[in-house]
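Q: Before any particular contact is discussed, could the reasoning behind each label be set out step by step?

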Amino acid sequence: SIGTNSISFGTLSDASYSNCTITVTDSAGNASTALSVNTFVIDITAPTVSSVSSSNTDGYFGIGDNVTITVTANENLYVNNSSGNPRIQLETGTNDQYANYVGGSSTGTLSFLYTVQSGDNSSDLDYKATDSLSANSGTIRDNATNNATLTLPSPGATGSLGVNKAISIDGIAPTFSSVYPTDNQSNVSRSDNMSVTFSEAMDNTSVTTNTANTSCSGSIQVSSDNFNTCVQMSSAPTASNSNKSFAVDPSSNLSYSTTYKMRVTTGVRDNVGNTLSSQYQTTIGFTTHDAPWAGTQQFGTTLDDVGQGIAVDSSGNIYVTGHTKGALDGSIIGGEDIFLVKYTASGGRQWTKQLGSPTGHDDLGYGVGVDSSGNAYVAGYTVGAVDGSNKGVNSPGYGKSDIFLVKYNSSGT
């Protein structure tokens, strides 16, 4: 018929077609003049993802650090995020975070940005599953408007983020683990070092203290006046325990009978830059031992009291043993009793213990020793039955003298 006509072709394969002409022939066999056709492209195949990687170098990333994830396809992709922004769900521990689309439209590689959050953790960052890439109400298409197939390589397989890159995520802030001297510890030596232990290895350049004067500076501070001034240290903190523990050494001995507090500031950080979650400070502090005692201490009863042995423990406490005919601790047990008295390092009497035979025989303490736990051991001899029975051979009225050994803990029990 005369006028506008349409021509239908068979299915064409995906390709770019150029230099094409169309010739038509009527029913009488008359052929038309060849009609040139502009170059055209047939594309009905959806683009696919070939690889996932990152533009960041391999390494460790901490809280607040940015990681750019790149998704490469087999052709250029075009993103429309006016209704929703495409994203990739990552495997980041308890809470799986998202990397959100930030650019790359009209190229073969799209970029997604992930910012490390507190609590994130991964030894080798990867996405969660093959369906982790989502258009999220936006569109990802090729130039022919075919929606992209968003299936990713399997996590851990060739082409995946985990295989292409070695990115470790550490969103766990370091915490304080322990301190020496401990909070409320007493009788601390004036020459002791102080130490702090953290939950993980720390960047030792961030663990500092004041070595110049008595101002409160540095990340480890020790003070006896609520941090108006601080103890000057002899040198920078000494690291141990794989950079988890740090000790500081005062430039001179601490004062006698003084309470000191310790503070660890949020200036300390781990090896990826995560800072201490909150400042630590001892509540009560530690107290140094009393000044050494010099002078005379005398006590006794109206009867004979004889000191025979003396010992000093690691805290300077003094133990004296001997024998008495009186009642040093309030009552007389035998004819002559063993006694043990404990003094503090400053000469104050803490407690007195008296032991004897209820049969009225003599029991004499002659020597005392102290172990590392503060237990005291008294030795001597008895003609009675300190532990209930005389071990010697009885003679009329009395048995022969026996050796005795008695142990007391640091409280006198």
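A: A salt bridge here is a side-chain nitrogen of Lys or Arg within 4 Å of a carboxyl oxygen of Asp or Glu. The model is a predicted one, and a search of the whole structure finds 5 such salt bridges.

Q: Why is the contact between Asp58 and Lys165 called a salt bridge?

A: The N to O distance between the side chains of Asp58 and Lys165 is 3.6 Å, which is within the 4 Å cut-off, so the pair qualifies.

Q: What makes this pair a tie between separate parts of the chain?

A: Asp58 sits in the loop between strand S5 (49-54) and strand S6 (59-62), while Lys165 sits in the loop between helix H1 (161-164) and strand S14 (167-170), so parts that are 107 residues apart in sequence are tied together.

Q: How do you know whether Lys165 is buried or exposed?

A: The relative accessibility of Lys165 is 16%, and because buried means under 20%, Lys165 counts as buried. Asp58, by contrast, has a relative accessible area of 47% and is therefore partly exposed, since exposed would require over 50%.

Q: What makes Glu91, Asp96 and Lys128 a network?

A: Lys128 meets Glu91 in a salt bridge at 3.2 Å, N to O, and Lys128 also forms one with Asp96, where the closest N and O atoms are 2.8 Å apart. Each distance is within 4 Å, so both pairs satisfy the criterion, and the three residues are linked in a network of salt bridges.

Technical notes
Residues are numbered from 1 along each chain as its sequence is written. This is a predicted model: local features need pLDDT of at least 70, side-chain atom pairs count only at pLDDT 80 or more; totals for chains, interfaces and linings use all residues. Side-chain values use heavy atoms; hydrogens and water are left out. Helices (H or I, at least four residues) and strands (E, at least two) are DSSP runs, numbered from the N terminus. Buried means under 20% relative accessible area, exposed over 50%, partly exposed in between (1.4 Å probe, protein chains only).
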